[in-house]
Amino acid sequence: MTSSDHGTDAKNALGFERHDHASCITDALGKAERICAAEGIRFTPVRRRVLEILLQEHKALGAYEVLDRLRDEGLGSQPPIAYRALEFLVQNGFAHKIERLNAFIACAHPGQIHAPAFMICTKCDAVAETRSEPAQGDLGDAARAAGFQIERTVLEAEGVCPLCQDSPQS
């Protein structure tokens with residue numbers, strides 16, 4: 001099973017729900033194009049293709065995996081090509097960096113200010129994004145008690161996704 005199949009076959013669980021993957025990709029690319037046009041930022045063919053590559057998977061991809069695909073398509077063979085495109089996508093809210101994996105995933109909520117939390121399956125490497133509210137929970141309480149103002153959090157949980165939980169042990 002490919003990771004592309006993974007998202008469409010999983011149970012209805014937050015971040016791993018069934019969906020029309022082709023429509024999901026088309027909608028996300030259209031939204032990115034509209035945001036870039038409205039904000040006057042360049043959504044170059046390479047940036048668009050890198051976002052499309054990230055959208056095709058439900059797992060995080062490393063910069064060199066992205067670069068390999070760009071190279072195979074004749075869109076560039078030097079690491080800065082992929083890194084610049086990924087940096088653009090992260091800075092503009094179209095992708096996130098998964099710190100634990102040193103890899104990137106397309107944002108599930110582009111154009112919305114949010115604090116993402118990531119669930120990473122240790123069996124199939126699928127990654128799902130959901131929203132978190134760290135300033136409202138225990139972390140927020142601890143920060144306030146210390147006089148600390150949270151500006152950014154990275155919340156990543158490792159575990160087993162619904163599909164892998166339902167799969168027979170191999």
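**Briefing: fold, aromatic pairs and helix α4**

Among contacts in the chain between residues at least 6 apart in sequence, half, or 50%, join residues at least 24 apart. The model is predicted. The chain holds 7 helices and 5 strands, and buried residues account for 39% of its 170 residues.

**Overall architecture**

- Read from the N terminus, the elements follow the order α-α-α-α-α-β-β-β-β-α-β-α.
- The chain exposes about 9,900 Å², and carbon and sulfur atoms supply 49% of this area.

**Aromatic pairs**

- A search of the whole structure yields 3 aromatic pairs.
- In one of these, the ring centres of Tyr64 and Tyr83 are 6.2 Å apart and the ring planes meet at 85°; because planes over 60 degrees apart count as edge-to-face, the pair falls into that class.
- This pair connects distant parts of the chain, with Tyr64 in helix α4 (residues 63-72) and Tyr83 in helix α5 (residues 79-91), 19 residues apart.
- Tyr64 is partly exposed, at a relative accessible area of 47%, and Tyr83 is likewise partly exposed, at 40%.
- For Phe88 and Phe94, the ring centres lie 6.4 Å apart with the planes at 35°, so this pair is tilted.
- Phe88 and Phe94 are both buried, whereas Tyr64 is partly exposed, as is Tyr83.

**Phenylalanine cluster and the charge over Phe88**

- Phe43, Phe88 and Phe94 are joined into a cluster by ring pairs.
- Phe88 also has a charged neighbour: Arg47 lies over the face of its ring, at 3.9 Å from the ring centre.
- Phe88 thus takes part in the ring cluster and has Arg47 over its face, while being buried.

**Helix α4 and its packing**

- The buried residues of α4 are Ala63, Val66, Leu67 and Leu70.
- These residues span an arc of only 100° around the axis, and therefore they lie on the same side of α4.
- The buried residues of α4 pack against α3 (45-55) and α5.
- Helices α4 and α5 are also linked through the pair of Tyr64 and Tyr83.
- After α4 comes Gly74, which has a positive phi, near 75°.

Definitions and conventions
Residues are numbered from 1 along each chain as its sequence is written. This is a predicted model: local features need pLDDT of at least 70, side-chain atom pairs count only at pLDDT 80 or more; totals for chains, interfaces and linings use all residues. Side-chain values use heavy atoms; hydrogens and water are left out. Helices (H or I, at least four residues) and strands (E, at least two) are DSSP runs, numbered from the N terminus. Buried means under 20% relative accessible area, exposed over 50%, partly exposed in between (1.4 Å probe, protein chains only). Contact means heavy atoms within 4.5 Å. Accessible areas come from the Shrake-Rupley method with a 1.4 Å probe; for residues, only the protein chains shown count as cover. Rings of Phe, Tyr and Trp (its six-membered ring) pair if their centres lie within 6.5 Å; planes under 30 degrees apart count as stacked, over 60 as edge-to-face and the rest as tilted. A charge sits over a ring if NZ of Lys or CZ of Arg is within 6 Å of the ring centre and within 35 degrees of the ring normal. The arc is that of the directions from the helix axis to the C-beta atoms.
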